Amino acid sequence: MPKVLIADKMSSAATQVFKNRGVDVDVITGLSKEELIDIIGEYDGLAVRSTTRPDAEIIKAAKNLKVIGRAGIGVDNVDIKAATDQGVVVMNTPFGNAVTTAEHAIAMLFSAARQIPSASTRTQNGEWPKSDFKGVELFNKTLGIIGCGNIGALVAERALGLKMKVIAFDPYLTAERAVKLGAEKVELDALFQRADAITLHTPLVDSTKGIVSRERLGMTKKGIIIVNCARGGLVDEEALKDALDAGHVRAAALDVFAVEPAKEHPLFGTPNFIATPHLGASTLEAQENVAVQVAEQMADYLLTGAVSNALNTPSITAEEAPRLKPFVNLADNLGAMTGQLLHAPIKSVEFTYKGAVTQLNTNPVTAAALAGLLKAAMPDVNMVSAPVLAKERGIEVKESYVDEAERAESLIRLTVTTTERKYVVVGTIYRGEPRIVRLFGVPMDAAFSPNMVYVRNEDKPGFIGRLGAVLGDNKVNIATFSLGRMKKGDEAVCLVSVDEPISESVAQQIKSLDAVKIVDVVSL
Ligand SMILES: NC(=O)c1ccc[n+]([C@@H]2O[C@H](COP(=O)([O-])OP(=O)(O)OC[C@H]3O[C@@H](n4cnc5c(N)ncnc54)[C@H](O)[C@@H]3O)[C@@H](O)[C@H]2O)c1
Ligand SMILES: O=C(O)[C@H](O)COP(=O)(O)O
């Protein structure tokens, strides 16, 4: 039974889903990094929000970890590269709290425009400070949205409902979508120059870090309102403080801070500044949504192999997962065997799929074969990291499909081009088991096994006997012996499955046999 640790406070609905799905679950929040490192090795899954920060050290300690589930959207608290390198799937719940956060941004906008928190505090202090609060209308004002994805679009919709004008900067926002949203697509500087209020809805990435800079604040109109319900780190908080103190920025409302939790901050106590403690997603509805979604997604992956909303590996539906499993196994074996027989850097790999397998999502199959191929050189590679590593190493990966509907069986062909030559291997599934049917151009029919000896030799009488004698003399028990040859008297291939790995000495004895051209040991 897989076991999951819920390490951040989240709706008990998550625990209920795990239990209903037959996943063992512990809820232990408030752990220090050291305490988490001590126990994480027991778990197959880790469910977090934004407080727990699974970094490389924690992930390395998580020897059994298969999935990190983020009950929310932003995953900047997770070291995705470290997770990928270790084959840990990272998934989030991209829609569960979008409406809630958009509403919080609008609430912060109104709070800033009318200084509601301060007015409330002072009124309740008995001051009746009526003359101290003269706000501004949002009606007919221009709202600049930086980041017009899920949440930005929802904010745009609500701002338009308030009869605001909406301008948006987002490098991936198409003109068509902007029109559909009722927003005007503008460049970043233009947004800062034209907006009466700016709201941020981007992830914290290199291109967005400090996007509200001192320089850009200087471009804004006097009286600008700044709202940030995305991520701390997007705003130069020192520059914002100076602009508030100077009366240039009318008001600012931050839900997120560069360093969280923000227990003290230069902005705290600044007039016309509003702060909330990362509450953007904190509604009953949102927390129920993200808790249920992350638990279902994690349980799906751990129990069936289905992947959804993953940040570092292709999606696999629950329906596909069982159908893909035998092909993933075949691809892993084909890749692993081939990778151990190449002895030269890989330049390109072409995957050709034939028959029924072409009707499936072959992304995971390709990823498994790539992992197998690369494993000889990079033992820690896995299905999650293999496509990334192949790309980083400049290995061209191509997929092609031959949909021969009449073909009963499926075939997977790997054409691997190294710096030295081209290799072709072909495999299939027979009675649910993976088999190799062509090895480097030589037709054969062999099962895969943990210990194999690959021998390429001149096709001569007596060779099989001599090879068998070497193995027998060295007490190596043969499990299966598969043969193939290009044509009579040409090159032949033996693929011998043995009960135990052969020693280097036995390999050398085989190499010394007459007619032998290549001997390789394959371990799967
Ligand atoms: N305060 C909270 O509690 C809370 C709640 C939910 C989400 N968030 C944050 O809000 C962010 C956005 O959430 P979302 O669901 O809208 O994500 P999303 O991926 O749907 O939208 C993000 C948008 O930002 C755009 N973008 C990326 N780089 C950009 C750049 N350099 N300049 C301008 N735009 C850029 C993307 O193209 C995308 O359209 C999340 O990454 C998360 O960090 C905060
Ligand atoms: O990215 C998100 O989903 C929000 O920042 C929510 O964070 P939280 O789950 O820690 O409230």
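Which strands does helix α17 lie across, and at about what angle does it run to β22? The views below get there, after some ground rules. This is a predicted model, in which local features need pLDDT of at least 70, side-chain atom pairs count only at pLDDT 80 or more, and totals for chains, interfaces and linings use all residues. Residues are numbered from 1 along each chain as its sequence is written, chains are lettered from A and ligands numbered from 1 in the order in which they are written, and side-chain values use heavy atoms, with hydrogens and water left out.

**View 1. Four strands make an open sheet.** The order is β20-β21-β19-β22, and the pairing is antiparallel. (Helices, H or I with at least four residues, and strands, E with at least two, are DSSP runs numbered from the N terminus; two strands pair if DSSP finds at least two bridges between them.) The edges belong to β20 (478–485) and β22 (516–523); each has a single partner strand, so one side of each is left without a neighbour in the sheet. On average, neighbouring strands here are turned by 15 degrees against each other, direction ignored. Look between β19 (residues 451–458) and β21 (residues 491–498) and you'll find seven bridges joining the antiparallel pair. One to pick out is Y454, whose bridge partner in β21 is L495.

**View 2. Helices α16 and α17 sit against this sheet.** Helix α16 (residues 463–473) packs on the sheet and touches β19, β20, β21 and β22. Contact here means heavy atoms within 4.5 Å. The direction of α16 makes about 30 degrees with that of β21. And the opening question? Helix α17 (residues 504–511) lies across β19 and β22, and runs at about 155 degrees to β22. For these angles, axes are lines fitted to C-alpha atoms, for helices over the stretch in contact, and values run from 0 to 180 degrees between N-to-C directions.

**View 3. Seven strands form another open sheet, with parallel pairing.** Follow the strands in the order β8-β7-β6-β9-β10-β11-β12. At the edges stand β8 (184–185) and β12 (273–275), each with a single partner strand, so one side of each is left without a neighbour in the sheet. Four bridges pair β9 (residues 197–200) with β10 (residues 224–228) in the parallel sense, and A197 stands opposite I225 in β10. Helix α5 (residues 98–114) packs on this sheet, touching β6 (142–146), β9, β10, β11 (249–254) and β12, with its direction at about 145 degrees to that of β10. Helix α7 (residues 150–161) lies across β6, β7 (165–169) and β9, running at about 175 degrees to β6.

**View 4. Ligand 1 is surrounded by 26 residues.** A residue counts as near a molecule if one of its heavy atoms lies within 4 Å of it. The closest are N150, D170, Y172, S207 and C229. For polar contacts (pairs of N or O atoms within 3.5 Å), start with I151, where a backbone N or O atom lies 2.9 Å from an oxygen atom of ligand 1. A polar backbone atom of C229 is 2.9 Å from a nitrogen atom of the ligand, and a polar side-chain atom of H278 lies 3.4 Å from a ligand oxygen. Taken alone, ligand 1 exposes 860 Å², and the protein buries 87% of that. Such areas come from the Shrake-Rupley method with a 1.4 Å probe.

**View 5. Ligand 2 has its own set of surrounding residues.** Among them are R49, S50, R70, N97 and A281, and H278 is there too. Backbone atoms reach oxygen atoms of ligand 2 from I73, at 2.6 Å, and from G74, at 2.7 Å. From R231, a polar side-chain atom lies 2.8 Å from an oxygen atom of ligand 2. On its own ligand 2 has 320 Å² of accessible area, and the protein covers 91% of it.

**View 6. Two loops hold some backbone details.** Most residues other than glycine have a negative phi, and most peptide bonds are trans. In the loop between β11 and β12 lies P261, joined to E260 by a cis peptide bond with omega of about 0 degrees. K163, in the loop between α7 and β7, has a positive phi near 65 degrees.

Definitions and conventions: Polar contact = N/O pair within 3.5 Å; in protein donor to acceptor, adjacent residues only side chain to side chain.
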